[in-house]
Amino acid sequence: MDTEQLNARFGIRNHVIFKTGAGGLPFISVRNRHATALVSLHGGQILSYEPVSQTSDVLFLSKKSFYEDGKAIRGGIPVCWPWFGPDPKGLQRPNHGFVRTRLWEMVNTQSTTAESRIRLQFTDSQKQENTWRHPFRLELDFSIGETLSMSLTTHNTGDKTFAITQAFHTYFRIGDIGEIQVQGLENCRYFDKLDQGREKLQTGPVTVNEEVDRIYEDVDNHVVLVDPVLQRRITIDSKNCKTGVVWNPWEKSSKKMADLGNRDYRHFVCVETGNIAFDLIQIPPGGQHSLLTSFVVDDLL
Ligand code: TA6
């Protein structure tokens, strides 16, 4: 469907409008009295979320992102599925799974003046990954308003159980990486991916003054990103998951990434929620699992 057909079928005057954007891809521009947002059908990825109370976007989006089939957009909230991180089978399949690199389908849209809802889906008929053979249907729901909420529901439509790992790989825009704190992970154990995966203990809030790539275990699903430069606090709640990630590539690794500016690392941190590493989710035939997350932005008084 082109954007004219998408608008005819799913557009909502003043609130949900489809448009062709970077790379000739279809995007959804969302506006209501509480927030504006931009959602890419490529990747099923929200790229921008700006509550009217904020003067800067809650999400970071690289100006050097790629917008093409087979590549992930650098920023917003990429959907990592059906695996998180490198291909668990070592078959050279894409990092973080294949659904963030492909076009999703529209299912429906709803909006009031206060909240806009979008449902996308991705099914096995759309996949081009011939090494993931399980029949499935993915539903991705966004609720955009005073808060941003997301739900990723995996349906097993086949006759065999399959296992997944998954995450919302959220890029938060921040004033400066050296000033932020991530609270709520105190006393959690984590795997330090930059130190041969050694298991360590988080003492105190997470601060970042070098490259960080940590998978936190048994998190209590309530984390707060405090940004004294942008003078805001972002509360990140999640459900049906036990793991989280804090990642920043810092200067050296950033320079190896063609879709990231050399100084971009100062202005984003990834605080991710999902079912990662040991938190494997087994879905039986006919079964389903929903990964939920929500974000509330408050001003720091
Ligand atoms: O979530 C952190 C991480 O797994 C890092 O190891 C790094 O690879 C990052 O994701 C970005 O991955 P990408 O494939 O989007 O470049």
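Colleague: What makes you say the ligand sits in the largest pocket?

Modeller: This is a predicted model, and the test is that more than half of a molecule's atoms lie within 2 Å of the pocket's grid points. The ligand sits in the largest pocket by that test.

Colleague: How do you know that Asn95 makes a polar contact with the ligand?

Modeller: The cut-off for a pair of N or O atoms is 3.5 Å. A ligand oxygen is 2.8 Å from an N or O atom in the Asn95 side chain, so that pair counts as a polar contact. His96 offers another such pair, at 3.0 Å, and Asp213 one at 2.6 Å. As for cover, the ligand taken alone exposes 390 Å², of which the protein buries 82%.

Colleague: What makes up the shell by class?

Modeller: Three nonpolar, three polar and five charged residues. Among the residues around the ligand are Arg74, Lys193 and Glu272; Arg, Lys and Glu count as charged.

Colleague: Why is Trp250 called buried?

Modeller: Buried means under 20% relative accessible area. Trp250 has 19%, so the label is buried. Trp250 belongs to helix H2 (residues 250-255), and its phi is near 55°, a positive value in a residue other than glycine.

Colleague: And why is Asn14 called exposed?

Modeller: Exposed takes over 50%, and Asn14 has 52%, so it qualifies. Asn14 lies in the loop between helix H1 (3-10) and strand S1 (16-20), with phi near 70°.

Colleague: What makes the peptide bond from Trp81 to Pro82 cis?

Modeller: Its omega is near 0°. Pro82 is in the loop between strand S5 (79-80) and strand S6 (105-111).

Notes. Residues are numbered from 1 along each chain as its sequence is written. This is a predicted model: local features need pLDDT of at least 70, side-chain atom pairs count only at pLDDT 80 or more; totals for chains, interfaces and linings use all residues. Side-chain values use heavy atoms; hydrogens and water are left out. Helices (H or I, at least four residues) and strands (E, at least two) are DSSP runs, numbered from the N terminus. Buried means under 20% relative accessible area, exposed over 50%, partly exposed in between (1.4 Å probe, protein chains only). A residue is near a molecule or strand if one of its heavy atoms lies within 4 Å of it. A polar contact is a pair of N or O atoms within 3.5 Å; within protein, one must be able to donate a hydrogen and the other to accept it, and residues adjacent in sequence count only if both atoms are side-chain atoms. Accessible areas come from the Shrake-Rupley method with a 1.4 Å probe; for residues, only the protein chains shown count as cover. On a 1 Å grid over the protein atoms alone, a cavity is a set of points where a 1.4 Å probe fits but cannot get out, and a pocket is an open set with protein on both sides within 12 Å along at least five of seven lines; lining residues have an atom within 4 Å of a point.
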